[in-house]
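Trainee: Before accepting the terms used for a structure, I should like to see how each one is justified. May we work through them in turn?

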Amino acid sequence: MARRGHGLGMATAALDTDAEALAALVAAAGADAVLTDPDERRFFSQDAGAEGALPLAVLRPASVDALQAGVAAATAHGLAVHPRGGGMSYTDAFLPQSARAVVVDCTALDRVVTIDPAGLWVTVEAGCTWATLDAALAPYGLRAPFWGPFSGHMATVGGSVSQGTATFGSGRAGISGDQLLGLDVVLADGRLLSTGSGGQAGHTPFFRNYGPDLTGLFAQDAGALGVKARVTLPLEPRPAEVGGVSFLFGTYAALTAAMQAVAREGLASEAFAMDPVVTRQFAGEARPLVDDVKALLAIGRAERAPLRRLAAMARTVIGGRGFLGRDGYHCHFVSEAPDRRRLNAQIARIRRLCRAGAEMPPTVPAMVRAMPFQPLSVLSPKGERMIPLHGIVPYAAAAGLNAAVAALVAARRADLDAAGVVVATSFFGIGRNAFLYEPVIYWPDDRTLYHERRTPEGTPRHPANPAARALVAALKAELIEAFWAAGAVHLQIGRAYPWLRDRNAPFLDLVRAIKREVDPDNRMNPGALGL
């Protein structure tokens with residue numbers, strides 16, 4: 001495929017009408033792969049927090065060849081290309097900036113392409129969800145070391161690789177970008193670039209670092225450098241034993257000290273916690289009895305031995321959800337081991353490191369692991385809109401960041417209370433040294449089409465609340481500045497976080513040169529990463 005020069009791309013864009021561009025897109029990718037219904041276009045131009053411009057079309061290819069052809073046709077006719085994964089972003093990551101655009105929905109590219117149990121790698125198409133991948137690997141007794149976010153029912157592997165995400169396995173294996181072997185990426189002109197050892201003819205994609213790490217270059221690029229087509233991940237045996245333990249801490253300082261101590265020794269596959277506002281927010285959540293029964297049965301199935309199965313179900317019944325009413329910082333650890341003896345030793349060590357807290361029933365870790373990829377609503381149980389933000393800092397910076405956020409919220413307390421705006425914060429451990437701090441802003445407001453399609457029936461509704469929306473936007477900007485001042489880094493950069501700020505000239509020159517090389521007309525998700 002011939003590569004277009006910058007001048008040719010601009011000249012073509014000036015001559016093409018929308019009708020001509022749309023006809024070219026249909027001819028290239030097929031009529032079934034091009035959605036033009038206004039509601040579909042509107043839905044795919046929205047994320048969990050905002051709405052972009054209404055695009056000309058949505059490209060939904062069912063093959064990598066159709067993806068290549070569609071991207072090439074779109075950019076050749078002057079259209080911007082905005083890659084979208086599961087749509088769970090909240091950083092304007094894929095939102096069109098103008099009507100001369102197509103949103104690429106990769107969810108029809110959902111095949112598990114190859115599982116190599118001996119070589120311990122798997123290749124999936126970018127639209128495969130983490131839940132689908134995990135189910136496909138289960139019969140082999142394998143999984144990915146990082147095996148998805150809480151939103152893995154909807155979140156796709158390609159979207160997570162492009163944006164960056166954490167949760168399952170992050171306490172030990174880090175984030176999505178840490179656990180990659182290779183990528184197939186569609187560039188702006190439709191060419192397919194392959195990274196890792198699988199990029200050489202006749203080689204398998206079993207190894208990532210053979211020379212400069214081009215796989216890392218395209219991880220967490222927010223789709224600014226290309227569209228992920230296929231992703232190859234490493235595999236590992238599933239742990240024979242999994243257990244959880246939970247604690248209630250009276251102070252934030254005690255919580256972070258305990259999480260740091262557990263992280264330093266690598267004792268937990270997942271470590272996550274909630275401030276008192278989060279637990280109050282969900283303490284009164286009404287769930288159907290059938291949901292609790294499903295969770296209880298899932299917890300029982302997760303235990304192999306009959307006696308342990310009964311014991312796990314009994315602990316859950318006794319613990320129930322009453323612990324949510326206990327004020328303080330709730331902290332949960334999931335630990336894994338090849339045998340019960342080592343698991344018990346690890347949990348015993350976690351208990352010693354967390355002796356500043358009061359142990360609670362391990363209901364949350366048991367339910368999270370028994371039912372890891374449950375559908376998540378994009379509204380709160382009370383029907384409020386919600387916008388998560390986050391920053392990742394070393395544990396040494398956790399106290400300062402929390403103080404800065406608390407000061408911002410306190411300064412706006414009267415206005416927030418008047419508008420019904422609530423700020424609740426969750427915390428996650430990443431590897432041995434990183435602390436993810438995630439405030440979530442809740443407020444009563446009406447719904448977008450995205451919210452309508454992603455919200456269970458019966459969820460309360462609220463009228464439009466533009467005043468609260470403006471207040472949230474102002475607070476969001478202040479929180480991002482607080483993260484910056486604390487030295488935080490971010491996943492899901494999109495268009496929200498200041499990735500290019502205060503970089504030195506060699507860094508900026510190299511990044512912009514790479515962008516010009518793979519996307520000379522700036523058609524690939526323009527504005528993402530600040531490019």
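The exchange below sets the terms applied to this predicted model against the values behind them.

Trainee: What makes up the chain, and how much of it is buried?

Mentor: The chain holds 19 helices and 19 strands. Of its 531 residues, 55% are buried. Among contacts between residues at least 6 apart in sequence, 75% join residues at least 24 apart. The exposed area is about 21,500 Å², of which carbon and sulfur atoms supply 58%.

Trainee: Which stretches have pLDDT under 50?

Mentor: The mean pLDDT of the chain is 89, and 89% of the residues reach 70 or more. Over residues 1-15, however, pLDDT stays under 50, and the model has 28 contacts beyond four places in sequence for them. Residues 285-318 also stay under 50, with 34 such contacts. Where pLDDT is low, predicted coordinates should not be read in detail.

Trainee: Why is strand 13 called largely enclosed?

Mentor: A residue counts as buried when its relative accessible area is under 20%. Five of the five residues of strand 13 (residues 270-274) are buried, so the strand is largely enclosed by the rest of the structure. Both faces are covered: Glu270, Phe272 and Met274 are buried on one side, and Ala271 and Ala273 on the other.

Trainee: Which strands are joined to strand 13, and by how many bridges?

Mentor: Two strands are said to pair if there are at least two bridges between them. Strand 13 is joined to strand 14 (residues 329-337) by five bridges, in the antiparallel sense, and Glu270 stands opposite Val334 of strand 14. Three bridges link strand 13 with strand 18 (residues 422-430), again antiparallel; there, Met274 stands opposite Ser426. With five bridges to strand 14 and three to strand 18, the criterion of at least two is met in each case.

Trainee: What makes strand 5 and strand 9 edge strands?

Mentor: The sheet concerned is open, with five strands in the order 5-6-10-8-9 and antiparallel pairing. Strand 5 (112-116) and strand 9 (192-194) each pair on one side only, and this is what makes them edge strands. Neighbouring strands of the sheet are turned by 10° against each other on average, direction ignored.

Trainee: How do you know that strand 8 and strand 10 pair?

Mentor: Strand 8 (residues 182-186) and strand 10 (residues 227-234) share five bridges in the antiparallel sense, against a requirement of at least two. In one of these pairs, Val186 has Val227 of strand 10 as its bridge partner. The two strands therefore satisfy the criterion.

Trainee: Why is one side of strand 1 and of strand 3 left without a neighbour in the sheet?

Mentor: These strands belong to an open sheet of four strands with the order 1-2-4-3 and mixed pairing. Strand 1 (34-35) and strand 3 (80-84) stand at the edges with a single partner strand each, so one side of each has no neighbour in the sheet. Strand 3 runs parallel to strand 4 (residues 101-105), joined by five bridges, and Pro83 stands opposite Val104 of strand 4.

Trainee: Which strands does helix 4 meet in each of the two sheets?

Mentor: In the five-stranded sheet, helix 4 (residues 64-76) touches strand 6 (121-125), strand 8, strand 9 and strand 10, and its direction makes about 140° with that of strand 10. Helix 4 also lies across strand 2 (57-59), strand 3 and strand 4, running at about 145° to strand 3.

Trainee: Why is Thr459 called buried?

Mentor: Its relative accessible area is 16%, and the cut-off is under 20%; Thr459 is therefore buried. Thr459 sits in the loop between helix 17 (449-454) and helix 18 (466-485). Its side chain reaches the backbone oxygen of Pro456 at 2.8 Å. Beyond four places in sequence, Thr459 touches Ser380, Pro381, Gly383 and Arg447.

Trainee: What makes the phi values of Asn525 and Leu529 worth noting?

Mentor: Most residues other than glycine have a negative phi. Asn525 has a positive phi of about 45°, and Leu529 has one near 65°. Asn525 lies in the segment after helix 19 (505-518), as does Leu529. With relative accessible areas of 1% for Asn525 and 6% for Leu529, each falls under the 20% cut-off and therefore counts as buried.

Conventions: Residues are numbered from 1 along each chain as its sequence is written. This is a predicted model: local features need pLDDT of at least 70, side-chain atom pairs count only at pLDDT 80 or more; totals for chains, interfaces and linings use all residues. Side-chain values use heavy atoms; hydrogens and water are left out. Axes are lines fitted to C-alpha atoms, for helices over the stretch in contact, and angles run from 0 to 180 degrees between N-to-C directions. Contact means heavy atoms within 4.5 Å. Buried means under 20% relative accessible area, exposed over 50%, partly exposed in between (1.4 Å probe, protein chains only). pLDDT is the predictor's confidence in each residue, from 0 to 100. A polar contact is a pair of N or O atoms within 3.5 Å; within protein, one must be able to donate a hydrogen and the other to accept it, and residues adjacent in sequence count only if both atoms are side-chain atoms. Accessible areas come from the Shrake-Rupley method with a 1.4 Å probe; for residues, only the protein chains shown count as cover.
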